[in-house]
Amino acid sequence: IDMINRYATRHVLQSKQMIMKNSANPSCEHFLDAKFFLNEENPRLNCFLVNEDWNRIDIKNDSKTVIVGGKNVGKSALAQYTINRNIEKFQKILLIDLDIGQQICGIAQTVSATVHTRPLIGAGYLNEITPKKSMLYGDKSIMTVPHKYIECVKQLLKFCAENEEYRNMPWIVNMMGYQKGFGLELTSVLLRLIQPTDVVQIQH
């Protein structure tokens with residue numbers, strides 16, 4: 001609030017005292033320099049809305065569900081939602097993250113496999129879950145060395161396929177967001193390697 005008011009050309013926000021006057025958590029809000037809202041206060045502030053189609057995704061013990069789509073369409077959110085919705089039923093779910101630019105739990109510029117035993121709350125890296133296997137690609141652009149990216153995915157999938165424990169748990173595969181031109185060809189190659197039971201495509 002202070003920063004915006006300091007640099008704005010005119011007064012934009014109310015003072016902290018006015019904003020927090022009717023708050024149920026004034027001390028927390030003052031300490032964090034933030035404002036907490038309940039959905040009931042203003043439904044428009046509810047930023048995350050679940051698409052009803054997401055609940056139609058049915059996974060089984062032997063499922064290999066691949067989530068594809070362009071950049072920033074919600075692939076990671078859907079993967080996380082699917083894990084959280086099914087974790088109580090299966091106890092363990094394997095997340096294979098092939099998005100080198102924005103890993104759910106791993107480090108950027110890698111592909112990784114992570115076993116989840118509890119819900120993912122918030123950003124994945126805040127959950128302190130260490131991948132079981134991580135392969136370093138070393139760049140944020142797949143176009144730099146595409147054959148190296150494919151080799152990293154091959155090695156990761158080989159590790160998962162050879163692990164007895166992973167054969168009896170659902171796989172959720174979060175794909176990269178590069179889906180046009182060469183990216184579409186690369187997606188086809190990855191799907192042949194993964195041999196999925198289900199492919200879910202998200203569009204804007």
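Asn 72 is exposed in this predicted model, its relative accessible area being 66%, a value over the 50% that marks exposure. The residue belongs to the loop that links β1 with α4. Its backbone deserves a look as well: Asn 72 is not a glycine, yet its phi is positive, at about 60 degrees. For context, most residues other than glycine have a negative phi. A second residue of this kind is Gln 91, again not a glycine, with a positive phi of about 70 degrees. Gln 91 sits in the loop between α4 and β2.

From Asn 72 it is a short step to Gly 177. The two are 105 residues apart along the chain, but their C-alpha atoms are separated by 7.5 Å. Gly 177 is part of the loop between β5 and α6. In contrast to the exposed Asn 72, Gly 177 is buried, because its relative accessible area of 14% falls under the 20% limit. With neighbours within four places in sequence set aside, the contacts of Gly 177 are Gly 69, Gly 70, Lys 71 and Lys 75. Of these, Lys 75 is also counted among the buried residues of α4.

Helix α4 covers residues 75–90, 16 residues in all. The distance from its first C-alpha to its last is 21 Å, close to the 22 Å expected at 1.5 Å a residue. The helix nevertheless bends by about 30 degrees, and the bend is located at Asn 84. Its buried residues are Lys 75, Leu 78, Ala 79, Gln 80, Tyr 81, Thr 82, Ile 83, Asn 86, Ile 87 and Phe 90. The elements that cover them include the strands β1, β2, β3, β5 and β6, the last of these spanning residues 198–202. Directly after the helix comes Gln 91, the residue with the positive phi near 70 degrees.

The loop between α3 and β1 also comes close to this helix through Asn 55. Asn 55 is partly exposed, with a relative accessible area of 35%. Its contacts, not counting residues up to four places away in sequence, are Val 50, Tyr 81 and Arg 85. Between Asn 55 and Thr 82, 27 residues apart in sequence, the C-alpha to C-alpha distance is 8.2 Å.

Attention now turns to the interior. The largest nonpolar core has 28 residues, and those touching the most other members are Leu 94, Ile 96, Leu 98, Val 111, Tyr 149 and Met 175. At least two residues each are supplied by β1 (64–69), β2 (93–97), β3 (110–116), α5 (146–162), β5 (171–174) and α6 (182–194). Helix α5 gives the largest share, with seven residues. The surroundings of Leu 98 offer a view of this core from within. Beyond its neighbours within four places in sequence, Leu 98 is in contact with Gln 103, Val 111, Tyr 149, Val 153, Leu 156, Val 173, Asn 174, Met 175, Met 176, Leu 190 and Ile 194. Apart from the largest core lies another, of 20 residues, which includes Val 73, Ala 79, Tyr 81 and Phe 90. More broadly, nonpolar side chains in soluble globular proteins tend to be buried together.

Helix α6 has 13 residues, which should span 18 Å at 1.5 Å a residue, and its end C-alpha atoms are indeed 18 Å apart. The buried residues in α6 are Gly 183, Leu 186, Thr 187, Leu 190 and Ile 194. Viewed down the helix axis, these buried residues of α6 fall within an arc of 105 degrees, so they line one face of the helix. That buried set packs against β1, α5 and β5. On the other side of α6, Glu 185 and Arg 192 are exposed. Gln 195 follows the helix, with a positive phi near 55 degrees.

At the level of the whole protein chain, six helices and six strands are present. Along the sequence they follow the pattern α-α-α-β-α-β-β-β-α-β-α-β. Of the 204 residues, 37% are buried. Among contacts between residues at least 6 apart in sequence, 59% join residues at least 24 apart. The chain exposes about 12800 Å², of which carbon and sulfur atoms supply 52%.

Definitions and conventions: Residues are numbered from 1 along each chain as its sequence is written. This is a predicted model: local features need pLDDT of at least 70, side-chain atom pairs count only at pLDDT 80 or more; totals for chains, interfaces and linings use all residues. Side-chain values use heavy atoms; hydrogens and water are left out. A nonpolar core is a set of buried Ala, Val, Leu, Ile, Met, Phe, Trp, Tyr and Cys residues joined through side-chain atoms within 4.5 Å. Buried means under 20% relative accessible area, exposed over 50%, partly exposed in between (1.4 Å probe, protein chains only). Helices (H or I, at least four residues) and strands (E, at least two) are DSSP runs, numbered from the N terminus. Contact means heavy atoms within 4.5 Å. The expected span of a helix is 1.5 Å times one less than its number of residues. The bend at a residue is the angle between axes fitted to the seven residues ending there and the seven starting there. The arc is that of the directions from the helix axis to the C-beta atoms. Accessible areas come from the Shrake-Rupley method with a 1.4 Å probe; for residues, only the protein chains shown count as cover.
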